[in-house]
Amino acid sequence: ILTMRTDQGPFLPNVLIGTIGESCIVPALRLTLAVVQNGHEELRGEVVRSGMLIPLGDILQNALSSGDRYTFSAALAIFRFCGPYATVGLVDSGSFASLKNAIRTMSCVLAISENANDPNEKRTNILNSLKLESLETMEALSSNDSLQSSISNDALPALAELLNSEKEEVVCFALKTIQKLISIPSSAAAVANTGIVASLIQLLQGNIAENVQEVAFDVLHTVALSKSGDLNIIVRLLSCGTVEAIATLLGSATASLHVTEIGLDILLLVMTLSDPSVTSSLHPSAKEGMLQQLRDAFVGQDQFVRALAATMLGAEKTRIVDNTLIPLSDNGNRYPFSPLYGHPLPVNETRSVGAVGHQYKAIQILFKLSSLMCCETREHHKEDFTNAFLLKEIRGSSPISAIACCTFLDVLNDEKNGICVPTNVVDKELYFEEHLPLVRVFLLEGLSACLDESLSSDETKDMAEVIISTFRIPQLCLVFCQSHTLAPEAFDLLQNVVLPLPIETLGNMLLEDKSTLIALFGLVTGKNGHESNREYVNQKMALLLGNLAKAGLLPNAIERLDLRKHAIAALSAAILINGNEDSTIDDDEESLPRICIESLATILSNENDEIEMSELESRTMADAIGKSLSTTVLNRFFVQANLETTMESIDHSIDRAAISTSAEAKLLCSLAESPESLIILGNVGGLEAISLIAHEGIITAIRAIRKACEISPKSIIDVDAHLSIMDALIKIRHQQTVDSSRLAELREDAIHCIHTITVLVESDGTRSAIVEAEQSLECLNAAADIISACASFHCTVSTTEASDPVESQKEYAASGNGINVKSEGSPEMQSKKCSDEKAKVEEPEGDPITEVEIDDEAGVETTNGYTEKEKFETAPQETPWQEMLSKDDFSLEKTVFSLLRAFGRIQ
């Protein structure tokens with residue numbers, strides 16, 4: 001019937017225009033309304049295409065003018081059901097013209113102001129009813145894209161005004177209509193210019209239904225983001241109380257997931273006021289005024305700040321699972337944080353693990369808020385934020401606050417693709433120069449205070465230590481100590497919280513990876529950002545390194561991490577950091593050079609406490625610290641000599657031994673093991689220092705003098721090292737008792753001393769210095785003692801190993817070992833009288849010059865006529881030589897004969 005065609009056109013449209021009569025218009029409206037209200041969507045489209053809507057616009061307008069409410073309501077209902085199906089291209093222009101006319105009519109209805117003082121209550125109710133019907137129809141028509149532009153142009157101001165209505169149903173229809181309109185960019189911009197933001201904020205601050213709240217947030221979100229680059233809309237959002245409204249709502253833990261995500265987007269937009277890319281056109285004073293207004297908006301939003309913190313703690317990248325800290329202690333304790341920070345913002349459970357979305361937005365807002373509140377010169381903003389984030393008002397919350405600080409620092413650790421790193425180049429520059437250091441300083445200060453408080457309480461001490469270990473606080477401090485902006489706070493945290501921990505605990509944390517140990521070496525050598533107190537920081541770092549070395553932890557770590565070369569270079573550089581290579585290393589155990597030298601010696605020592613190093617390491621260290629080591633040893637011996645002249649009655653041997661076995665002495669002697677290093681040391685006073693050490697019988701020093709003598713005998717005489725070698729030999733001779741564990745060492749000392757003296761005697765340029773030395777006679781006496789001891793020792797050996805002792809003794813001499821003892825009588829008597837008889841020593845090779853006779857009465861007479869009036873002392877019972885002899889090793893005896901041959905050649 002509706003679509004039936006006649007000569008005049010479709011039947012019902014003709015009836016509506018009065019072709020049959022005006023009395024049929026209302027019944028036709030009723031019939032049409034019943035059809036479209038109860039029919040299916042295709043039928044409604046047929047009604048539109050029949051031209052039914054063409055006369056309906058005029059009918060609606062006439063009904064409004066005449067006050068015919070029923071006709072007006074029926075026409076509105078038909079528009080409401082059929083308008084959404086008016087499609088461009090399928091409907092004639094007349095239908096669209098009628099729809100636009102209806103929109104203008106409804107806009108006029110919506111724009112009628114209500115008079116609250118109108119005594120005619122019936123008229124007020126009718127007006128409200130008409131507005132509601134118009135809104136409902138307008139909301140239905142707004143779903144038709146072809147009509148949105150007309151609605152936006154004609155009805156938008158009236159719709160925005162209705163948001164202030166006290167009737168929730170009116171507000172809901174108005175919001176839904178606006179929500180559909182702003183899907184068009186031009187309409188969104190138009191909505192933004194209507195002052196709708198203030199109405200929406202006022203609406204959100206009231207007590208409205210959740211569904212209305214979500215629609216209001218959607219509208220506000222779309223309006224805000226439609227002009228995200230427009231500073232005016234951002235300022236309007238700020239001035240209308242958007243920040244306070246959203247922060248209050250999200251902090252109340254009542255917002256839905258959808259509202260939460262939208263609210264975070266809007267807050268991020270408003271907080272771009274701190275980005276130079278957005279506010280570059282503003283005068284500095286205007287910009288600061290807006291930032292001040294933004295800070296004020298967040299004052300008192302403690303619940304919102306804690307909700308952000310709880311959301312950050314629940315993100316995947318933190319060490320939090322199910323609102324609790326991951327089991328970190330041996331007993332598997334978990335430490336809940338949720339009751340203190342409150343519930344995090346709602347999470348979309350349908351998302352896969354890692355797709356945190358709005359959690360990242362929450363962290364970004366927390367970062368921007370931190371940088372905003374902490375840079376304020378007026379303390380109340382920073383204090384307000386600090387109290388909220390660190391839970392200052394909650395007793396016993398310090399461990400949980402420390403976890404929050406650690407987690408935040410952990411999140412900010414990625415400076416390349418981190419959550420908070422801006423994408424804009426200009427903003428990124430400000431981020432790294434100001435915002436990031438500012439927030440890190442705040443977190444380090446907070447972390448230091450929280451951990452210090454936690455460690456001071458027996459109830460929270462264990463948890464604090466777990467936090468320090470889990471979040472690698474020592475490593476974090478070492479890294480930040482190298483930054484100029486973070487060094488003071490990082491060092492305070494390190495000094496007050498980390499360093500008091502047991503050294504074993506520190507070792508486990510600091511020596512587990514290569515980068516941390518390299519950072520520690522760097523701080524010892526002065527690579528830290530603490531401008532005002534750099535020397536103190538260097539000393540503290542060196543003391544930490546020294547304690548790790550003393551505990552035996554450092555050498556093992558260096559070997560495991562293959563950092564020996566790095567350690568040598570760093571510690572060598574640190575020794576000279578506060579002086580130059582001429583400076584001496586003082587005895588203060590807490591001074592930087594002393595700690596470094598002791599640590600270096602510990603690192604280079606093997607299991608037998610002997611320093612080992614390669615040729616390259618030796619040469620490198622000789623170049624770097626050879627002069628400093630030499631100067632230090634010489635200075636210490638000089639001071640000791642002065643002390644001995646003033647305090648002659650005291651035995652100073654222990655003090656001299658302490659100098660000779662000090663770290664610098666050990667290192668100096670070990671450096672001299674390398675010929676190249678020995679030459680370097682010879683040019684910086686090292687040989688003279690080593691000679692003083694050799695005087696005390698230190699084997700490494702004696703070996704070094706021997707090597708130097710083989711390279712350049714004259715260099716030994718120049719520094720009087722020959723006197724030290726001779727004195728060392730004499731000291732061995734006069735030892736009354738010898739510890740059996742030192743026999744091998746003393747034997748080696750004697751061999752090196754005798755060999756060195758022999759080389760010097762054989763050299764034309766150095767012979768006179770040996771012969772004319774006061775110690776020469778004592779050295780010859782020592783040689784005689786050794787020969788006498790050899791005779792006694794080997795005679796004794798013969799009685800136990802041969803049936804014919806005399807023949808055995810002759811066989812021994814004939815074997816080339818160089819001893820030929822003329823004796824009579826039994827082996828027992830021979831051993832007893834060995835020191836009273838003449839002994840003839842023959843060179844194994846048969847050189848007649850080297851034949852020496854020892855005579856008690858005549859003294860010493862050699863074949864070349866050299867005579868000394870003083871007698872050789874025969875081997876006394878208390879000399880240690882016989883204990884050093886071996887039936888399998890004749891090194892000592894051979895060295896003695898070489899010495900005697902050398903003396904025997906003197907004319």
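**Exercise 1.** Which residues are buried in helix α21 (residues 379-389)? State also which residue just after α21 takes a positive phi.

*Solution.* The model is a predicted one. Step 1: a residue counts as buried when its relative accessible area is under 20%. Step 2: within α21, the buried residues are H381, D384, F385, T386, A388 and F389. Step 3: just past the helix, L391 has a positive phi of about 55°.

**Exercise 2.** Describe how helix α4 (residues 56-66) is placed among the other helices, starting from its buried residues.

*Solution.* Step 1: L56, G57, I59, L60 and A63 are the buried residues of α4. Step 2: viewed down the axis of α4, these residues fall within an arc of 165°, so they line one face of the helix. Step 3: N62, S65 and S66 lie on the other side of α4 and are exposed. Step 4: the partners of the buried residues are α1 (11-16), α2 (25-38), α5 (69-82) and α6 (93-111), against which they pack. Step 5: just after α4 comes G67, with a positive phi of about 80°.

**Exercise 3.** Locate I650, classify its exposure, and name the surface patch to which I650 belongs.

*Solution.* Step 1: I650 sits in the loop between α33 (615-646) and α34 (653-660). Step 2: the class "partly exposed" lies between the buried limit of 20% and the exposed limit of 50%. Step 3: I650 has a relative accessibility of 41%, so I650 is partly exposed. Step 4: together with L643 and M647, I650 forms a nonpolar surface patch. The accessible area of the three residues together is about 220 Å².

Key. Residues are numbered from 1 along each chain as its sequence is written. This is a predicted model: local features need pLDDT of at least 70, side-chain atom pairs count only at pLDDT 80 or more; totals for chains, interfaces and linings use all residues. Side-chain values use heavy atoms; hydrogens and water are left out. Patches are made of residues with over 30% relative accessible area and no salt bridge: like charges are joined within 9 Å, nonpolar side chains (Val, Leu, Ile, Met, Phe, Trp, Tyr) within 5 Å. Accessible areas come from the Shrake-Rupley method with a 1.4 Å probe; for residues, only the protein chains shown count as cover. A salt bridge is a side-chain nitrogen of Lys or Arg within 4 Å of a carboxyl oxygen of Asp or Glu. Helices (H or I, at least four residues) and strands (E, at least two) are DSSP runs, numbered from the N terminus. Buried means under 20% relative accessible area, exposed over 50%, partly exposed in between (1.4 Å probe, protein chains only). The arc is that of the directions from the helix axis to the C-beta atoms. Contact means heavy atoms within 4.5 Å.
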